[in-house]
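Colleague: I should like to go through this model with you, one feature at a time. Please give the reasoning before each result.

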Amino acid sequence: MKPRQIVALLALIGLFVALYLTLYKIGVIGTLTCSIGSCETVNTSRYSVLLGVPVAMWGLALYVVLLVTALVGSGSAAERSSAASWLLTLLSGWGVLFSGWLTYLELFRIHAICIWCVTSATILVLIFVTSLVDLRQHMQRVRVGPIVRDRSEWPARRR
C-alpha cells in the first residue's frame with residue numbers, strides 16, 4: 001500500500017470516530033459507549049464546543065478533507081505533484097497540535113479522558129507520520145529526477 005492510500009484508510013476510520021462523537025453531541029445518539037474513561041464528562045464539558053461548533057464536528061471536517069486529499073492525490077496525474085503531500089502533512093500536523101491541546105484540556109482542566117478522543121488523536125498521529133513518509137518519498141523523487149539509462153541522453157558538456 002502506498003502512503004496516501006494508508007492515509008485515506010486511516011482518515012476513513014477517523015471519520016467514523018468523529019461521526020459517532022458528532023452524532024452524540026447533536027443528540028442523535030443518547031449515550032456514548034465508553035469502555036475506558038469518562039466520555040460523557042469530556043463530551044459535555046464547556047470545552048466540547050469551539051466557536052459554536054462541536055469539536056467532534058471540526059474533527060469530522062478535518063477527516064473528510066484528509067480523505068478527499070489522499071484519494072485525489074492517489075490519482076495517476078496527481079501522484080507526481082507535491083501539493084497533496086504538503087497539504088496532507090500540514091493538515092495532519094495541525095490536527096496533531098489541536099488534538100494535543102484537547103488532550104491537555106482532558107487531563108488538566110476536565111480531569112477526565114475519553115477513549116474515543118484518544119483514538120482520534122492516535123489516528124491523527126499515524127496520519128501525520130504517514131504523511132511525512134509520503135512527503136519524504138516525494139521529495140527524494142524530485143531530487144533524483146528521471147533516471148537516464150543511456151549516455152546518449154545525457155546533455156552535451158560545455159567546453
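The exchange below treats the fold, the cysteines, the charged pair, the helices and the aromatic rings in turn.

Colleague: What pattern does the protein follow when read along the sequence?
Modeller: This is a predicted model. Its secondary structure comes to five helices and two strands. Read along the sequence, these elements give the pattern α-α-β-β-α-α-α.

Colleague: What percentage of the 159 residues count as buried?
Modeller: A residue is called buried when its relative accessible area is under 20%. Applied to the 159 residues of the protein, this criterion gives a buried share of 36%.

Colleague: Which cysteines form a disulfide?
Modeller: A search of the whole structure finds one disulfide. Its sulfur atoms are 2.1 Å apart, and a disulfide requires a distance within 2.5 Å. The cysteines concerned are Cys-34 and Cys-39.

Colleague: Is the link of Cys-34 and Cys-39 right-handed or left-handed?
Modeller: The angle about the S-S bond decides the matter, and for Cys-34 and Cys-39 it is 60°. The link is therefore described as right-handed.

Colleague: Is Cys-39 buried or exposed?
Modeller: The two partners of the disulfide can be taken separately. Cys-34 has 25% relative accessibility and counts as partly exposed. For Cys-39 the relative accessible area is 2%, and under 20% is the criterion for burial. Cys-39 is accordingly buried.

Colleague: Why is Cys-114 not bonded to the closest cysteine sulfur, in Cys-39?
Modeller: Cys-114 counts as buried, at 0% relative accessibility. Cys-117 is in no disulfide, and its nearest cysteine sulfur, that of Cys-114, is 3.3 Å away. A disulfide needs sulfur atoms within 2.5 Å. The sulfur of Cys-114 is too far from that of Cys-39 for a bond, because the distance is 3.2 Å.

Colleague: Which residue forms a salt bridge with Arg-4?
Modeller: Side chains of opposite charge can pair when their charged atoms come close. The search of the whole structure finds one salt bridge. In the pair that contains Arg-4, the closest N and O atoms are 3.0 Å apart, and the partner is Asp-134.

Colleague: How many residues apart are Arg-4 and Asp-134?
Modeller: Both residues are buried, Arg-4 with a relative accessible area of 4% and Asp-134 with 5%. The salt bridge joins Arg-4 to Asp-134. The pair links distant parts of the chain, Arg-4 being in helix α1 (residues 3-25) and Asp-134 in helix α5 (residues 115-144), at a separation of 130 residues.

Colleague: How far does helix α3 reach from its first C-alpha to its last?
Modeller: Helix α3 (residues 55-73) has 19 residues. Among its buried residues are Val-55, Leu-62, Tyr-63 and Gly-73. At 1.5 Å a residue the expected reach is 27 Å, and the value in the model is close to it, at 27 Å.

Colleague: How far apart are the end C-alpha atoms of α4?
Modeller: α4 has 28 residues and is followed by His-111, whose phi is positive, near 60°. At 1.5 Å a residue, α4 should span 40 Å. The distance between its end C-alpha atoms agrees with this, at 38 Å.

Colleague: At what angle are the planes of the rings of Tyr-20 and Trp-116?
Modeller: A pair of aromatic rings is described by the distance of the centres and the angle of the planes. The search finds four aromatic pairs. In the pair of Tyr-20 and Trp-116 the centres are 4.9 Å apart, and the pair is tilted because the planes are at 55°.

Colleague: Which helices hold Tyr-20 and Trp-116?
Modeller: Tyr-20 is buried, with a relative accessible area of 18%, whereas Trp-116 is partly exposed at 25%. The pair ties together parts that are 96 residues apart in sequence, because its rings lie in helix α1 and helix α5.

Colleague: Which residues make the nonpolar surface patch of about 420 Å²?
Modeller: Tyr-104, in helix α4 (residues 83-110), is partly exposed at 36%, and Phe-108 is exposed at 52%. Being four residues apart in α4, Tyr-104 and Phe-108 are separated by about one helical turn. The patch is made by Trp-101, Tyr-104, Leu-107 and Phe-108.

Key:
Residues numbered from 1 in each chain as written. Predicted model: local features only at pLDDT ≥ 70, side-chain atom pairs only at ≥ 80, totals over all residues. Heavy atoms only, no water. Buried < 20%, exposed > 50% of the residue type's maximum accessible area, 1.4 Å probe, protein only. Patch = residues over 30% accessible without salt bridge, like charges linked within 9 Å, V, L, I, M, F, W, Y side chains within 5 Å. Areas by Shrake-Rupley, 256 points an atom, 1.4 Å probe, with all protein chains shown as cover. Salt bridge = Lys/Arg side-chain N within 4 Å of Asp/Glu carboxyl O. Expected span 1.5 Å × (residues − 1). Phe/Tyr/Trp six-rings, centres within 6.5 Å; stacked < 30°, edge-to-face > 60°.
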